[in-house]
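Work through the exercises below with the sequence and the model side by side. Try each task before reading its solution.

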Amino acid sequence: MKKRIVAVFLVLVFFMSSINLMAGDLGDLRSQYEDARAEADAQAGILAETRAEMDRIHQVILELDARMIAATDDLLAIDDALYATEAALEQTELEWAQAREDLDRQHEIVRTRLREIQERGMTGLLSVVLQATSLRDFLLRLEYVNDIARRDQEMVTRLEEIENSIAQMQEAYTRQLSSVAALQQQQEAYLQRLDDLAEYQEAFFVELAADEERYEALLLFKEEQAAEMHNAWYTAYQAEQARIAAEQRERERRAREIQLANIPANGIFQWPVPSSASISSDFGYRTHPTRRRREHHDGIDIRARSGSNIVAAESGTVILSGWHGGYGFTVIIDHGGGLHTLYGHNSRNLVSVGDEVSRGQVIALIGSTGVSTGPHLHFEMRQNGVPRNPRRALGLS
């Protein structure tokens, strides 16, 4: 007995050491996956920042385009004003030239008349006046001479005023033309600055687009790398879980073997029919009740009222729940370590394959299905497929 306990202890120590080693490998794989995942997340953050910057630059470009459109409209308005000012200036130059010509012509008339007066002296005017035939004619002739002199003077004065006015307008238009031309230069310079800024932003946007393409490719690589690391970790994790489960089953099998080899008098299984303790047929050779020949009975029959509860003798996993040949409706439970229990001739099964059942849980109802002569439970215990007498495991003598 002590040798078996020592052997089991050594096996357990070996298994725990293996688990620690594998756990270390899994830890490394998990750490590598988390590092790869962190790098992918960081790369995703860089890509998101780049795209946000691209959106901002795109907005700036749109705003610059709008400002350039407005500035171009303003420049066209300035060009129109410049054209109108130039046209007005040309018109005043024409008017000034005409006024200058009229003034020169009137000056020439006055100069001619003065030359005549100078050449003839007063005799010319006097002859005009003295040729009057009457006093009235004399006065009229005298008034005529005065009118001519006055009109000449008024004409010269008016022409000089027109010339001065036109010259002032010409000077004003010249100043306005200079001002509008300066404004045009400022607007053109402003438009050029906007255009330069737009070109710079567009070039920056192109660089960001190239960065975005590179960052997308790098993110894809990081994501694939993280996925590969996750797959490697998960594959190792599943293998480790399978190994641990296999080791656990092996430990349970060995423990069960030791336990079965040293079953105490009061048993290790719970009695499967709480409502009855009547055994109608024991484990071992007997004459079969229907075939009437001597055969080995692989379990015990517990007589009970039809519909009575059948409970699991021990915790485990249901590996069969359904019709099972001569057993009728049957439930088989795997308890680990190669140990199975069978519950046959049931009227109804209450569990399904894959269910985890606990000790004492109701799993079926007493019946007489299959090859049976009346309501009862056929209970078997098998170790690695070999029928074992369940009496000792149930605490029977």
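The exercises go from the whole chain to single residues.

This is a predicted model, in which local features need pLDDT of at least 70, side-chain atom pairs count only at pLDDT 80 or more, and totals for chains, interfaces and linings use all residues. Residues are numbered from 1 along each chain as its sequence is written, and side-chain values use heavy atoms, with hydrogens and water left out.

**Exercise 1. Confidence and overall make-up**

Task: State the average pLDDT of the protein chain, then describe residues 1–23.

Solution.
- Start with the term: pLDDT is the predictor's confidence in each residue, from 0 to 100.
- The protein chain averages 79, and 77% of the residues score at least 70.
- Next, take residues 1–23: their pLDDT is below 50. Beyond near neighbours in sequence, this stretch has 18 contacts in the model. A contact means heavy atoms within 4.5 Å.
- Count the elements: the protein chain has 3 helices and 13 strands. Both are DSSP runs numbered from the N terminus: helices are H or I with at least four residues, strands are E with at least two.
- Now burial: of the 397 residues in the protein chain, 32% are buried. Buried means under 20% relative accessible area, exposed over 50%, and partly exposed in between (1.4 Å probe, protein chains only).
- Last, contact range: among contacts with a separation of 6 or more, 70% link residues 24 or more positions apart.

**Exercise 2. Salt bridges between helices**

Task: Find which parts of the chain are tied together by the salt bridges E39 to K222 and R51 to E216.

Solution.
- Set the criterion: a side-chain nitrogen of Lys or Arg within 4 Å of a carboxyl oxygen of Asp or Glu. Side chains of opposite charge can pair when their charged atoms come close.
- A search of the whole structure finds 15 salt bridges.
- The side chains of E39 and K222 meet at 2.8 Å, N to O. E39 lies in helix 1 and K222 in helix 3 (residues 135–261), so this pair ties together parts 183 residues apart in sequence.
- Check accessibility: E39 is partly exposed at 38%, while K222 is buried at 16%.
- The salt bridge of R51 with E216 has an N to O distance of 2.2 Å. R51 lies in helix 1 and E216 in helix 3, so this pair ties together parts 165 residues apart in sequence.
- R51 is partly exposed at 34% relative accessibility. E216 is partly exposed at 34% as well.

**Exercise 3. A salt bridge inside one helix**

Task: Where do E171 and R175 lie, and how many residues apart are they?

Solution.
- Both lie in helix 3, 4 residues apart, about one turn of the helix.
- Their side chains form a salt bridge of 3.2 Å, N to O.
- E171 is partly exposed, with a relative accessible area of 47%.
- Elsewhere, salt bridges that share partners join R37, D41 and E223 into one network.

**Exercise 4. A small sheet and a buried serine**

Task: Give the strand order of the open sheet of 3 strands, then place S308.

Solution.
- The order is 5-11-9, with antiparallel pairing. Two strands pair if DSSP finds at least two bridges between them.
- Strand 5 and strand 9 (348–349) are the edge strands, each pairing on one side only.
- Strand 9 is joined to strand 11 (residues 362–365) by 2 bridges. R348 has L365 as its bridge partner in strand 11.
- S308 sits in the loop between strand 4 (299–303) and strand 5 (309–311).
- S308 is buried, at 13% relative accessible area. Leaving out residues up to four places away in sequence, S308 touches S275, A364, L365 and I366.
- The side chain of S308 reaches the backbone oxygen of R305 at 2.7 Å.

**Exercise 5. Positive phi**

Task: Compare the settings of H345 and N384: is each residue buried or partly exposed?

Solution.
- Recall the background: most residues other than glycine have a negative phi.
- H345 is not a glycine, yet has a positive phi of about 70°. H345 belongs to strand 8 (residues 339–346) and is buried at 6% relative accessibility.
- N384, also not a glycine, has a positive phi of about 55°. N384 is in the loop between strand 12 (376–383) and strand 13 (386–388) and is partly exposed at 49%.

Technical notes. Polar contact = N/O pair within 3.5 Å; in protein donor to acceptor, adjacent residues only side chain to side chain.
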